[in-house]
Amino acid sequence: MEFHLPANRLLLPLIGASMLATAAIAATITLWATSEANTAELESQLQLDRDRADRLVQQLADYEDADTGLRGREAELVARTAELDARELAVAEAEAALPATFLEDGRTYTGGTSMLPGTYHAAATDESCSWSIAAADAEESGAREILDQGLGDGDDVWVVVEAGQEFSSAGCGGWSRVE
């Protein structure tokens with residue numbers, strides 16, 4: 001076999017270039033494979049992040065629904081509180097309009113209107129207790145006629161007030177209806 005030196009000289013650079021091309025292709029394939037692995041990992045992480053974002057969006061919607069429900073219940077509570085306040089006021093007004101069965105000093109009561117007619121008792125422990133029962137004067141318009149009055153002497157005091165009569169006291173403490 002005959003070997004030509006010039007032909008071998010041409011072959012060596014071709015072999016070298018071929019080896020370089022092979023190495024470049026191998027490096028490209030390695031980079032591509034690494035890139036594919038990174039891409040797959042990034043896509044996996046992206047999916048996890050999307051799933052987490054979806055869960056957070058759902059939680060936010062749930063919290064907004066709960067907040068809306070609480071606001072509705074709060075509005076109901078405000079309305080019910082206003083209704084209760086109105087009822088309490090109506091009851092207080094109705095109670096104030098009821099004839100009293102316990103009388104306080106310093107006020108004037110009218111039998112059958114602001115107090116129930118009947119017999120009242122006071123434990124007048126103070127000797128400065130004074131009381132009076134009056135009625136409209138039949139002869140003089142707007143005038144009052146004293147029907148009965150008394151002073152406590154430190155003992156129990158009893159009075160009988162009829163419908164239409166006015167009763168007042170001072171220094172006697174409270175009066176309780178006994179019949």
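The accessible surface of the protein chain comes to about 13,600 Å², and 58% of that surface belongs to carbon and sulfur atoms. The model is a predicted one, and the exercises below work through its architecture, core, covalent link and charged pairs.

**Exercise 1. Describe the overall architecture of the protein chain, giving its helix and strands and the share of residues that count as buried.**

Step 1. Start with the secondary structure: the protein chain contains one helix and eight strands, and, read from the N terminus, these elements follow the order α-β-β-β-β-β-β-β-β.

Step 2. Turn next to burial, for which the cut-off is a relative accessible area under 20%; of the 179 residues in the protein chain, 16% count as buried.

Step 3. Finally, consider the contacts between residues at least 6 apart in sequence, of which 67% join residues at least 24 apart.

**Exercise 2. Determine how many residues form the largest nonpolar core, and which strands supply at least two residues each.**

Step 1. The largest nonpolar core has 15 residues, and those with the most contacts inside it are L103, M115, W131, V159, F167 and W175.

Step 2. Strand 3 (118-123), strand 4 (130-136) and strand 6 (156-161) each supply at least two residues of this core, and the largest share, three residues, comes from strand 6.

Step 3. To see how one core residue is surrounded, take F167, and leave aside residues up to four places away in sequence: among the residues that F167 touches are L103, M115, W131, V159 and W175. The contacts of F167 also include R107, T108, Y109, S132, I133 and V161.

**Exercise 3. Establish whether S169 is buried or exposed, and identify the side chain with which the side chain of S169 makes a polar contact.**

Step 1. S169 belongs to strand 7, which spans residues 166-170, and because its relative accessible area is 7%, S169 is classed as buried.

Step 2. The side chains of S169 and W175 are joined by a polar contact of 3.0 Å.

Step 3. Not counting residues up to four places away in sequence, S169 touches E104, D105, G106, R107, S130, W131 and W175.

Step 4. For a second buried position, consider T119 in strand 3, which has a relative accessibility of 17% and therefore counts as buried. With residues up to four places away in sequence again left out, T119 touches W158, V159, V160, S176, R177, V178 and E179.

**Exercise 4. Locate the disulfide, and explain why it is right-handed.**

Step 1. The structure holds one disulfide, in which C129 is joined to C172 with an S to S distance of 1.8 Å.

Step 2. The disulfide is right-handed because the torsion about the S-S bond of C129 and C172 is about 90°.

Step 3. The pair links distant parts of the chain, 43 residues apart, with C129 in the loop between strand 3 and strand 4 and C172 in the loop between strand 7 and strand 8 (175-177).

Step 4. Both cysteines fall under the cut-off for burial, since C129 has a relative accessibility of 0% and C172 one of 3%.

**Exercise 5. List the three salt bridges found in a search of the whole structure, and state where the partners of each lie.**

Step 1. As background, side chains of opposite charge can pair when their charged atoms come close. The search of the whole structure finds three salt bridges.

Step 2. R71 forms a salt bridge with D67, with the closest N and O atoms 2.8 Å apart. R71 and D67 both lie in helix 1 (residues 5-97), where they are four residues apart, about one turn of the helix. R71 is exposed, with a relative accessible area of 55%, whereas D67, at 34%, is partly exposed.

Step 3. E83 and R87 also meet through their side chains in a salt bridge, at 2.9 Å from N to O, and both lie in helix 1, four residues apart, or about one turn of the helix. E83 counts as partly exposed at 44% relative accessibility, while R87 is exposed, with a relative accessible area of 53%.

Step 4. The side chains of E166 and R144 meet in a salt bridge of 3.1 Å, N to O. Because E166 lies in strand 7 and R144 in strand 5 (residues 144-151), this pair ties together parts that are 22 residues apart in sequence. At 46% relative accessibility, R144 is partly exposed.

Conventions: Residues are numbered from 1 along each chain as its sequence is written. This is a predicted model: local features need pLDDT of at least 70, side-chain atom pairs count only at pLDDT 80 or more; totals for chains, interfaces and linings use all residues. Side-chain values use heavy atoms; hydrogens and water are left out. Buried means under 20% relative accessible area, exposed over 50%, partly exposed in between (1.4 Å probe, protein chains only). A polar contact is a pair of N or O atoms within 3.5 Å; within protein, one must be able to donate a hydrogen and the other to accept it, and residues adjacent in sequence count only if both atoms are side-chain atoms. Contact means heavy atoms within 4.5 Å. A nonpolar core is a set of buried Ala, Val, Leu, Ile, Met, Phe, Trp, Tyr and Cys residues joined through side-chain atoms within 4.5 Å. A salt bridge is a side-chain nitrogen of Lys or Arg within 4 Å of a carboxyl oxygen of Asp or Glu. A disulfide is a pair of cysteine sulfur atoms within 2.5 Å. Accessible areas come from the Shrake-Rupley method with a 1.4 Å probe; for residues, only the protein chains shown count as cover.
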